[in-house]
Amino acid sequence: MWFEGTEKKFELVATEARFLSLGADFWRKCVRLAGAQILSEIRNEKMVAYLLSESSLFVWDDRITMITCGRTSLVKSACFLLDHLGPENVDFLTFERKNEYYPHQQKTDFLKDVAILQTKLKGKAYRFGSPDEHHLFLYHAEKPDFRPDSSDCTLEVLLYNLQGPARELFSGPQSLGRTRSLTCMESIFPGFQIDDHLFEPCGYSANAIREHEYYTIHVTPEENGSYVSFETNVRLGDRLVPTLRSVIELFQPASFDVIYFHPAKELGAFELNPFIQRHYVRQSLSCGFEVGFSTYYLKSKEPMLAVPLEDVP
């Protein structure tokens with residue numbers, strides 16, 4: 001038994017879209033096309049957050065962010081929205097895929113997804129990082145007239161091979177109260193409305209919103225490949241590194257990646273001892289964003305055991 005926790009993501013901006021006026025049936029269809037379903041929702045005057053069977057969907061009036069995991073075909077949902085809007089009415093689009101634990105089990109790969117997107121609009125594709133280690137694939141539509149607001153930032157922290165109490169908690173019997181207490185995000189991001197869900201036999205997802213801001217957590221505590229993603233659009237400023245440290249200390253990964261979208265040019269790498277920064281990649285996109293991608297590892301102190309393979313034919 002396995003589950004691919006590593007996620008795919010796209011973000012789309014269309015100034016004239018009025019996404020919040022679209023009914024629940026529209027979003028159920030959009031999510032279903034990817035191979036997921038809506039479990040629950042929370043909303044305020046600025047946005048709606050849908051908790052999915054495979055990650056999350058966030059909807060504002062002029063933009064959406066959709067994240068899916070497992071064997072989903074997220075590109076189908078992206079094309080559904082492009083067809084609904086008309087590609088000429090899209091101001092901004094990015095599509096991301098991280099390196100996966102089980103890429104051979106996926107229905108498509110990144111290059112196939114890009115080929116489909118290129119039939120709708122033209123863009124550029126990049127690989128951040130080395131192909132034989134952690135890396136990120138990123139596609140963005142060539143929309144040079146788009147310029148992000150100076151506060152438009154997104155932080156993604158992707159954590160692998162959890163250690164310590166967090167792994168034990170998420171791998172065993174859970175309660176929402178105990179899980180919320182462990183994640184302690186309310187002390188880092190106070191005043192957020194939270195919607196969370198425990199999966200059987202294990203796993204946890206949470207969406208949280210406050211006005212136009214969100215954060216989301218997804219935990220896949222697989223024995224052979226535990227994984228957590230944390231993402232937020234909160235403009236952290238001086239709190240960026242302390243927030244990173246809080247997330248890392250909570251989940252105690254053996255390695256993790258940081259992806260940071262920011263419109264400023266002073267984007268830099270982060271020192272996060274005792275982890276060793278393995279790679280730092282930085283790229284300017286024509287749509288006005290700087291993207292930073294960093295990978296971090298703990299130095300090995302003792303040998304690991306080989307992993308038995310149970311699915312050998």
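This report walks through a predicted model of one protein chain, from its overall build down to single residues.

**The whole chain**

Let's start with the big picture. The secondary structure comes to 7 helices and 16 strands. Measured out along the principal axes, the C-alpha atoms fill a box of roughly 55 × 50 × 35 Å. Does that fit a compact globule or not? A compact globule of 313 residues would have a radius of gyration near 20 Å, and this chain has 19 Å, so the two agree.

How much of the chain is tucked away? Of its 313 residues, 54% count as buried. On the outside, the chain exposes about 14,700 Å², and carbon and sulfur atoms supply 51% of that area. The charges are worth a look too: there are 33 positive and 43 negative ones, and their mean positions are 3 Å apart.

The chain also brings together parts that are separated in sequence. Take the contacts between residues at least 6 apart in sequence: 66% of them join residues at least 24 apart.

**Two nonpolar cores**

In soluble globular proteins, nonpolar side chains tend to be buried together. In this model, the largest nonpolar core has 35 residues, and Leu12, Trp27 and Leu81 have the most contacts inside it. Which element gives the most to this core? That would be helix α2, residues 74-85, with 8 residues. Apart from this core lies another one, made of 33 residues, including Ile188, Leu236, Val247 and Phe251.

Back to Leu12 for a moment. Leaving aside neighbours within four places in sequence, Leu12 is in contact with Phe19, Leu81, Leu82, Leu85, Val90, Phe92 and Leu93, among others. The list of Leu12 contacts also includes Asp62, Arg63 and Ile64.

**Thr94 and Tyr139, two buried residues that touch**

Thr94 sits in strand β6, while Tyr139 lies in strand β8, residues 136-141. Why does Thr94 count as buried? Because its relative accessibility is 3%, and the buried class covers anything under 20%. Tyr139 counts as buried as well, because its relative accessibility is 0%.

What surrounds them? Beyond its neighbours within four places in sequence, Thr94 is in contact with Tyr139, and its other partners include Lys9, Phe10, Glu11 and Phe261. Among the contacts of Tyr139, again leaving aside those sequence neighbours, are Leu93, Thr94, Phe95, Phe110, Val114 and Leu117. Tyr139 also has a run of partners that includes Leu121, Lys122, Gly123, Lys124 and Ala125. Now compare that with Gly164: Tyr139 and Gly164 are 25 residues apart in sequence, and their C-alpha atoms are 36 Å apart in space.

**Tyr101 and Asn161, a partly exposed pair**

Tyr101 is in the loop between β6 (92-98) and α3 (110-118). With 28% relative accessibility, Tyr101 counts as partly exposed. Which residues does Tyr101 touch, beyond its neighbours within four places in sequence? The partners are Glu4, Thr6, Tyr160, Asn161, Gly225, Ser226 and Tyr227. Tyr101 and Trp2 are 99 residues apart along the chain, yet their C-alpha atoms are separated by 9.8 Å.

One of those partners, Asn161, belongs to strand β9, residues 154-162. Asn161 is partly exposed too, at 31% relative accessibility.

**Some backbone details**

Asn161 has a positive phi of about 55 degrees, although it is not a glycine. Glu211 also has a positive phi of about 55 degrees without being a glycine. Glu211 is found in the loop between β11 (204-210) and β12 (213-220).

Where is there a cis peptide bond? One joins Asn273 and Pro274, with omega about 10 degrees. Pro274 is in the loop between β14 (253-262) and β15 (276-284).

**Out at the surface**

Glu302 comes in the segment after β16 (290-297). The C-alpha atoms of Glu302 and Pro131, 171 residues apart along the chain, are separated by 26 Å. Here is how Glu302 lines up with some of the residues above:

| Residue | Relative accessibility | Class |
|---|---|---|
| Tyr139 | 0% | buried |
| Thr94 | 3% | buried |
| Tyr101 | 28% | partly exposed |
| Asn161 | 31% | partly exposed |
| Glu211 | 53% | exposed |
| Glu302 | 62% | exposed |

Conventions:
Residues are numbered from 1 along each chain as its sequence is written. This is a predicted model: local features need pLDDT of at least 70, side-chain atom pairs count only at pLDDT 80 or more; totals for chains, interfaces and linings use all residues. Side-chain values use heavy atoms; hydrogens and water are left out. A nonpolar core is a set of buried Ala, Val, Leu, Ile, Met, Phe, Trp, Tyr and Cys residues joined through side-chain atoms within 4.5 Å. Buried means under 20% relative accessible area, exposed over 50%, partly exposed in between (1.4 Å probe, protein chains only). Helices (H or I, at least four residues) and strands (E, at least two) are DSSP runs, numbered from the N terminus. Contact means heavy atoms within 4.5 Å. The radius of gyration is taken over C-alpha atoms; the globule rule is 2.2 Å times the number of residues to the power 0.38. Accessible areas come from the Shrake-Rupley method with a 1.4 Å probe; for residues, only the protein chains shown count as cover. Lys and Arg count as positive and Asp and Glu as negative; His and the chain ends are not counted. The place of a charge is taken as NZ of Lys, CZ of Arg, CG of Asp or CD of Glu.
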